[in-house]
Amino acid sequence: MITEFAQGSTILVDKPFEWTSFDAVNKLRWHLRKRLGVKKLKVGHAGTLDPLATGLLVICIGKHTKLIEGLTSDAKTYTGTFLLGRTTPSYDLETEYNSDKPTDAVSEAQMEEVRQSFLGVQQQVPPLFSAKQIDGKRAYDYARAGIEKELKSNTIEITDFKIDASRFPEIDFEISCSKGTYIRSVAHDFGQKLGCGATLIALRRTHSGAYDVKDSKSVDEWIAFIEEQPL
């Protein structure tokens, strides 16, 4: 029954491209409130995905929102693509390309050496185009206004990092990492270490803790489920 579902449940959503995480939460909360005939209902997510990313979004409803803090701390796995030789201010396709460098000198041996350098515990500087707080404002507010600000580094851990250069200069990857890791920064730093720059051009979250995107449903599928359940 939908009343039991709304009292406490955790659902897995495959977030669409160009949706914010809040868009997905808001859409599902609206349909749940409408179906239940209530004005308020707690719904939240356990780990933000950028609008240009797709994949697993863990959403908690009702009493399960108390689990969000613990679930957010879970390790994550992502797949996607870096483009070597081009950069953007946001480290992804939110902004226009602002530099082009040749990639002819980049070898497989260099890429393997750089790949290995990312494994383990390390310090990572988040992108300025991020939701990090600086002096009470989101970092991206400064970035979009063209104001340079320095962000503090965070301690992260990358436990697995695989790359496939068969479509060079596009580099496909799979990466498993701790909470707070910015894959855009991994792309940027990967390119910096190679001397040619890089941009994140595709990103998908496949795992969050024990949860797998293969077990998720689209937002529309969850809405259909909500509408079909008896009160």
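**Notebook: the ring of Phe161 and its neighbours**

I looked up phenylalanine 161 first, and at 1% relative accessibility it counts as buried (under 20% relative accessible area, with over 50% being exposed and the range in between partly exposed, for a 1.4 Å probe and protein chains only). I note that the model is predicted, that local features need pLDDT of at least 70 and side-chain atom pairs pLDDT 80 or more, while totals for chains, interfaces and linings use all residues. Residues are numbered from 1 along each chain as its sequence is written, and side-chain values use heavy atoms, with hydrogens and water left out.

I then checked the partners of this ring, taking rings of Phe, Tyr and Trp (its six-membered ring) as paired if their centres lie within 6.5 Å, with planes under 30 degrees apart stacked, over 60 edge-to-face and the rest tilted. By this rule I find 9 aromatic pairs. For phenylalanine 118 and phenylalanine 161 the centres are 5.8 Å apart and the planes at 90°, so I enter the pair as edge-to-face. Phenylalanine 118 sits in the loop between α4 (108-117) and β7 (120-124), phenylalanine 161 in strand β10 (residues 154-167), and 43 residues separate them. Phenylalanine 118, at 3% relative accessibility, counts as buried.

The rings of phenylalanine 161 and phenylalanine 190 have centres 6.0 Å apart and planes at 75°, so this pair is edge-to-face. Because phenylalanine 161 lies in strand β10 and phenylalanine 190 in helix α6 (residues 183-194), the pair ties together parts 29 residues apart in sequence. I record phenylalanine 190 as buried at 0% relative accessibility, and I list Phe82, Phe118, Phe161, Phe173 and Phe190 as one aromatic cluster.

Terms used: Helix = DSSP H or I, 4+ residues; strand = E, 2+ residues; numbered from the N terminus.
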